[in-house]
Amino acid sequence: FVALLDNVSDDQWIWKPAPDRWSVAETARHIVIAEDYLFGQAMGAMRNPADPEWETKTASKTALLERVLPD
């Protein structure tokens, strides 16, 4: 991730293709914040015992994700 951003110029960093689109800087910030949050959630989940009902509770979500996400 850092290597991909290493050669981005200041102008490229803040450029937005349209007013309602994100710049590279805004996108990178979002990724960093989201990854930090998700890592914290995963670490918290690993500190707790496994939920024996997890597969039953999330079965419909798996089908949805398989339908809407590209291969």
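**Group meeting: a walk through the model**

Okay, let's start at the front end: Phe-1 is partly exposed, with 46% relative accessible area. Before I go on, keep in mind that this is a predicted model. Phe-1 sits in the segment ahead of helix 1, which covers residues 2-5. And Phe-1 has company at the surface: together with Val-2, Ile-31 and Val-32, Phe-1 makes up a nonpolar patch of about 370 Å².

Next stop, the loop that joins helix 2 (10-14) to helix 3 (24-46), because there are two residues in it that I'd like to set side by side: Ser-23 and Trp-15. So which of them is buried and which is exposed? Ser-23 comes out at 4% relative accessibility, and we call that buried because the cut-off is under 20%. Trp-15, on the other hand, comes out at 54%, and that counts as exposed, since the line there is drawn at over 50%.

What does Ser-23 touch, if we skip residues up to four places away in sequence? The answer is Trp-13, Ile-14, Trp-15 and Lys-16. Now look from the Trp-15 side, again leaving out neighbours within four places: Trp-15 is in contact with Ser-23 and with Val-24. There's also a C-alpha distance to go with that: Trp-15 and Ala-25 are ten residues apart along the chain, and their C-alpha atoms are separated by 8.6 Å.

Val-24 takes us out of the loop and into helix 3. At 31% relative accessibility, Val-24 is partly exposed. Setting aside residues up to four places away, Val-24 touches Leu-5, Gln-12, Trp-13 and Trp-15. If you want a link over to the last part of my talk, take the pair Val-24 and Thr-58: 34 residues apart along the chain, with 34 Å between their C-alpha atoms.

That brings me to helix 4, residues 54-68. Helix 4 has 15 residues and reaches 21 Å from first C-alpha to last, close to the 21 Å you'd expect at 1.5 Å a residue. Where is the kink in helix 4 centred? On Ser-60, and the kink is about 35°. So please hold both things in your head when you look at the picture: a span close to the expected one, and a kink of about 35°.

And how many of the 15 residues in helix 4 are buried? One; helix 4 is hardly covered.

That's my tour, thanks.

Technical notes: Residues are numbered from 1 along each chain as its sequence is written. This is a predicted model: local features need pLDDT of at least 70, side-chain atom pairs count only at pLDDT 80 or more; totals for chains, interfaces and linings use all residues. Side-chain values use heavy atoms; hydrogens and water are left out. Helices (H or I, at least four residues) and strands (E, at least two) are DSSP runs, numbered from the N terminus. The expected span of a helix is 1.5 Å times one less than its number of residues. The bend at a residue is the angle between axes fitted to the seven residues ending there and the seven starting there. Buried means under 20% relative accessible area, exposed over 50%, partly exposed in between (1.4 Å probe, protein chains only). Contact means heavy atoms within 4.5 Å. Patches are made of residues with over 30% relative accessible area and no salt bridge: like charges are joined within 9 Å, nonpolar side chains (Val, Leu, Ile, Met, Phe, Trp, Tyr) within 5 Å. Accessible areas come from the Shrake-Rupley method with a 1.4 Å probe; for residues, only the protein chains shown count as cover. A salt bridge is a side-chain nitrogen of Lys or Arg within 4 Å of a carboxyl oxygen of Asp or Glu.
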